[in-house]
Amino acid sequence: MNDELSGLHPDSLVVAAGRPPRDVDAQLNPPISLTSTFHAAAPGEVENPRGYARYGNESWSALESAISDLEGGQTLIFASGMNAITTIFSLLPHGAVVTTSHNGYTGVQVFLSRMVEEGRLEVRYVDVADTDAVLAALPGTALLWLESPTNPGLDVADMPTIIKAAKAINCGVAVDNTFATPLNQKPLDMGADMVVHSVTKYISGHSDILMGSISTNDAALYKRLHDLRNIVGGIPGPFEAWLALRGMRTLSVRLERSQANALELATRLQSHPAVERVRYPGLASDPAHKRAASFMKGFGAVLSIDVKGGADAADKACNASRLVTHATSLGGVESLWERRHRWSWESPSIPKNLVRLSVGIENVEDLWADIDQALQASQR
Ligand SMILES: Cc1ncc(COP(=O)(O)O)c(C=O)c1O
């Protein structure tokens with residue numbers, strides 16, 4: 001972090017990080033650097049020259065330094081969240097043991113099940129909310145893959161305890177921090193080796209790009225990941241990097257509004273006649289609330305609803321909304337919902353009638369009116 005930024009609150013960092021130096025007539029925003037090719041350096045002339053655009057780009061560097069200022073460590077961005085995630089798994093030797101949630105993000109579940117089928121990795125699935133079960137699975141684990149809150153079950157892991165125990169036995173820890181964002185929790189500060197984002201979601205915030213990131217405090221790990229990105233070439237476009245940084249400028253205000261909306265909607269949904277169950281860690285009655293409140297600064301803006309009447313009723317609700325968009329993804333300014341089991345690969349432990357709602361920044365009364373009418377329509 002440069003000196004001018006040190007000590008700033010994250011609300012200020014999202015605005016001020018990743019900008020060019022404050023020289024006269026310098027640009028306020030970083031450029032969109034459109035080049036595949038750079039002039040060569042004479043030997044010893046420049047330290048770490050970029051050399052070629054698969055190895056680095058000014059637009060990426062601006063975003064990478066801004067994410068680092070929020071998460072800590074050094075950051076690399078990738079073409080998508082899954083590209084970042086699979087790059088981490090590709091560091092593991094053949095036959096390594098991974099411990100992970102039994103119902104985390106489906107992309108990771110599908111990828112890991114293929115790795116198991118092909119005999120490349122061994123995977124231990126655990127309920128991440130069950131701390132004893134996670135601790136029992138750790139011995140022999142090469143990498144603990146933590147997602148918390150989980151997508152879409154909204155389980156919360158006891159991150160500080162689990163990460164500490166994993167590091168005490170030299171087990172690698174990577175955390176998918178997409179749902180929480182660095183404004184709500186900072187896994188590197190808790191001792192994790194790597195933190196990952198689907199930058200596609202909250203960090204960019206406008207549902208217009210795909211991108212991923214990995215941040216780490218470990219210089220040797222950073223170098224290995226950087227070398228892998230150089231070779232494999234899972235790189236984002238400069239325009240996407242610029243858009244992500246532009247989106248990040250409002251992360252704090254977007255999250256504040258979305259979280260406030262999510263809490264209000266979750267509270268009202270609890271007593272809606274078409275709702276069997278609401279999961280949102282921000283609700284005092286939620287099983288994850290006490291734990292989440294002990295180390296998270298906020299509870300995120302995704303909630304899940306089990307709709308009365310099963311999968312058909314849940315589908316009806318999703319198709320009846322007018323303001324909330326029926327679509328997959330999350331973390332944008334607009335509210336989205338979907339029944340997760342419309343995807344055949346959703347975990348069997350997720351209820352068939354569970355609808356994941358990513359709450360956006362719209363007016364909360366408009367959201368409530370729309371969700372209420374859609375849920376009512378689901379029961380007819
Ligand atoms: C928690 C989580 N991690 C990772 C990903 C994958 O990110 P991407 O879609 O950018 O590849 C997603 C996508 O939905 C996600 O929800």
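Visitor: What makes the pair formed by an oxygen atom of the ligand and a polar backbone atom of Gly81 a polar contact?

Guide: In this predicted model, the two atoms are 2.9 Å apart. Polar contacts are pairs of N or O atoms within 3.5 Å, so this pair qualifies.

Visitor: How do you know that the side chains of Asn151 and Lys201 deserve the same label?

Guide: We apply the 3.5 Å limit again. An N or O atom in the side chain of Asn151 is 2.9 Å from a ligand oxygen, and for the Lys201 side chain the distance is 2.8 Å. Both values fit under the limit, so both pairs are polar contacts.

Visitor: How much of the ligand does the protein bury?

Guide: The ligand exposes 390 Å² when taken alone, and 92% of that is buried by the protein.

Visitor: Which residues come nearest to the ligand, and what are the residues of its shell like?

Guide: There are 13 residues around the ligand, and the nearest are Met82, Asp176, Ser198, Thr200 and Lys201. The shell divides into five nonpolar, six polar and two charged residues. Helix H3 gives the largest share, three residues.

Visitor: Where is H3, and how does it pack with H4?

Guide: H3 covers residues 81-89 and H4 covers residues 106-117. Their axes lie 11 Å apart at an angle of about 35°, and the crossing is right-handed.

Visitor: Which residues of H3 and H4 meet?

Guide: From H3 come Met82, Ile85, Thr86 and Phe89, and from H4 come Gly107, Val108, Phe111 and Leu112. They divide into six nonpolar, two polar and no charged residues. Glycine is counted as polar, so Gly107 belongs with the polar ones.

Visitor: What does Phe111 touch, leaving out residues up to four places away in sequence?

Guide: Phe111, which is in helix H4, touches Met82, Thr86 and Phe89. These are called contacts because heavy atoms lie within 4.5 Å. For another view of where Phe111 sits, its C-alpha is 30 Å from that of Gly298, a residue 187 places away in sequence.

Visitor: How do H9 and H12 cross?

Guide: H9 (residues 251-269) and H12 (residues 364-378) cross at roughly 35°, with axes that come within 10 Å. This crossing is right-handed. Asn261, Glu264, Leu265, Arg268 and Leu269 of H9 take part, together with Val364, Glu365, Leu367, Trp368, Ile371 and Leu375 of H12.

Visitor: What makes three residues of that contact charged?

Guide: Glu and Arg are on the list of charged residue types, so Glu264, Arg268 and Glu365 are counted there. The rest of the contact is seven nonpolar residues and one polar.

Visitor: Why point out the peptide bonds before Pro149 and Pro152?

Guide: Most peptide bonds are trans, so a cis one deserves a look. The bond joining Ser148 and Pro149 is cis, with omega about -5°, and the bond from Asn151 to Pro152 is cis too, with omega near 5°. Pro149 lies in the loop between strand E4 (143-147) and helix H6 (159-168), and Pro152 is in the loop between E4 and H6 as well. You have already met Asn151, whose side chain reaches a ligand oxygen at 2.9 Å.

Visitor: What is notable about phi of Asn170?

Guide: Most residues other than glycine have a negative phi. Asn170 is not a glycine, yet its phi is positive, near 65°. Look for Asn170 in the loop between H6 and strand E5 (172-176).

Note on methods
Residues are numbered from 1 along each chain as its sequence is written. This is a predicted model: local features need pLDDT of at least 70, side-chain atom pairs count only at pLDDT 80 or more; totals for chains, interfaces and linings use all residues. Side-chain values use heavy atoms; hydrogens and water are left out. Axes are lines fitted to C-alpha atoms, for helices over the stretch in contact, and angles run from 0 to 180 degrees between N-to-C directions. Helices (H or I, at least four residues) and strands (E, at least two) are DSSP runs, numbered from the N terminus. A crossing is left-handed if the near helix is turned anticlockwise from the far one by less than a right angle, and right-handed if clockwise. A residue is near a molecule or strand if one of its heavy atoms lies within 4 Å of it. A polar contact is a pair of N or O atoms within 3.5 Å; within protein, one must be able to donate a hydrogen and the other to accept it, and residues adjacent in sequence count only if both atoms are side-chain atoms. Accessible areas come from the Shrake-Rupley method with a 1.4 Å probe; for residues, only the protein chains shown count as cover.
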